[in-house]
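Here is a set of short exercises to work through at your own pace. Have a viewer open, try each task yourself, and then compare your steps with the solution.

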Amino acid sequence: MSSNLIRIAGKRYISILSRVWSGSAGAAKYSEESLRKTLQGKFPQAKNVVVSDISGGCGSMYEIFVETTEFKGLTTVKQHRLITETLKSEIKDMHGLRIHTAIPSE
């Protein structure tokens, strides 16, 4: 039996971690550039949008920084919710996401 399989009550289950880490043929499903463009489309007034793959290139974890006046008056939690809502479909295929937001100084 493969080390990625677990037997419970006679049934075979694939380890969730093996699916997350192996992905589809080991290639990143989303690129830094595609995520950056998605965020720039949502936040057209953004002064900075930086997306970094911090998973070693497999696309399972990203660090995101968005600096925009569109966050003015919003709590940090609401700012982060806007980011996660924007990337909702992409996040499903990720292991994790680090979000940093800022409002440009005037």
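The exercises below go from the whole fold to single residues.

This is a predicted model, in which local features need pLDDT of at least 70 and side-chain atom pairs count only at pLDDT 80 or more, while totals for chains, interfaces and linings use all residues. Residues are numbered from 1 along each chain as its sequence is written, and side-chain values use heavy atoms, with hydrogens and water left out.

**Exercise 1. The overall fold**

Task: Find the helices and strands, and describe the burial and the contacts of the protein.

Solution.
- Step 1: Assign the elements as DSSP runs, helices being H or I with at least four residues and strands E with at least two, numbered from the N terminus. The assignment gives 4 helices and 5 strands.
- Step 2: Put them in sequence order, and the pattern reads β-β-α-α-β-β-α-α-β.
- Step 3: Classify each residue by relative accessible area: buried is under 20%, exposed is over 50%, and partly exposed is in between (1.4 Å probe, protein chains only). Of the 106 residues in the protein, 26% are buried.
- Step 4: Take the area itself from the Shrake-Rupley method with a 1.4 Å probe, where for residues only the protein chains shown count as cover. The protein exposes about 7,100 Å², and carbon and sulfur atoms supply 52% of that.
- Step 5: Count contacts, meaning heavy atoms within 4.5 Å. Among contacts with a separation of 6 or more, 56% join residues 24 or more positions apart.

**Exercise 2. Strands 3, 4 and 5**

Task: Work out how strand 4 is paired on either side, and which residues stand opposite each other.

Solution.
- Step 1: Apply the pairing rule, by which two strands pair if DSSP finds at least two bridges between them.
- Step 2: Strand 3 and strand 4 run antiparallel and are joined by 6 bridges. Val49 has Val66 as its bridge partner in strand 4, and Val51 has Ile64.
- Step 3: Strand 4 and strand 5 run parallel, with 7 bridges between them. Here Phe65 stands opposite His100 of strand 5.
- Step 4: Look at the two faces of strand 3 (residues 48-53). Val49, Val51 and Asp53 form the covered face, whereas Asn48, Val50 and Ser52 form the uncovered one.

**Exercise 3. The nonpolar core**

Task: Locate the largest nonpolar core and the elements that build it.

Solution.
- Step 1: Collect buried Ala, Val, Leu, Ile, Met, Phe, Trp, Tyr and Cys residues joined through side-chain atoms within 4.5 Å. The largest such core has 14 residues, and those with the most contacts inside it are Leu35, Leu39, Ile64, Val66 and Ile83.
- Step 2: Helix 2, strand 3 and strand 4 each give two or more residues to this core. Strand 4 gives the most, with 3 residues.
- Step 3: Follow Val66 outward. Beyond four places in sequence, its contacts include Leu39, Phe71, Ile83 and Thr101.
- Step 4: For context, nonpolar side chains tend to be buried together in soluble globular proteins.

**Exercise 4. Helix 3**

Task: Decide which side of helix 3 (residues 76-86) is buried, and what covers it.

Solution.
- Step 1: The buried residues of helix 3 are Gln79, Ile83 and Thr86.
- Step 2: Seen down the helix axis, they fall within an arc of 70 degrees (the arc of the directions from the axis to the C-beta atoms), so they line one face of helix 3.
- Step 3: The face turned away from this buried side carries the exposed residues Arg81 and Glu85.
- Step 4: The cover over the buried residues includes helix 2 (32-42), strand 4 (61-67), helix 4 (88-91) and strand 5.
- Step 5: Gln79 is buried because its relative accessibility is 5%. Leaving aside neighbours within four places, Gln79 contacts Phe71, Leu74, Thr101, Ala102 and Ile103.
- Step 6: Thr86, at 17%, also counts as buried. A polar atom of its side chain lies 2.7 Å from the backbone oxygen of Leu82.

**Exercise 5. After strand 5**

Task: Compare the burial of Pro104 and Ser105.

Solution.
- Step 1: Pro104 lies in the segment after strand 5, and so does Ser105.
- Step 2: Pro104 is buried, at 14% relative accessibility, whereas Ser105 is exposed, at 68%.
- Step 3: Pro104 and Glu67 are 37 residues apart in sequence but 6.2 Å apart from C-alpha to C-alpha.

Definitions and conventions. Polar contact = N/O pair within 3.5 Å; in protein donor to acceptor, adjacent residues only side chain to side chain.
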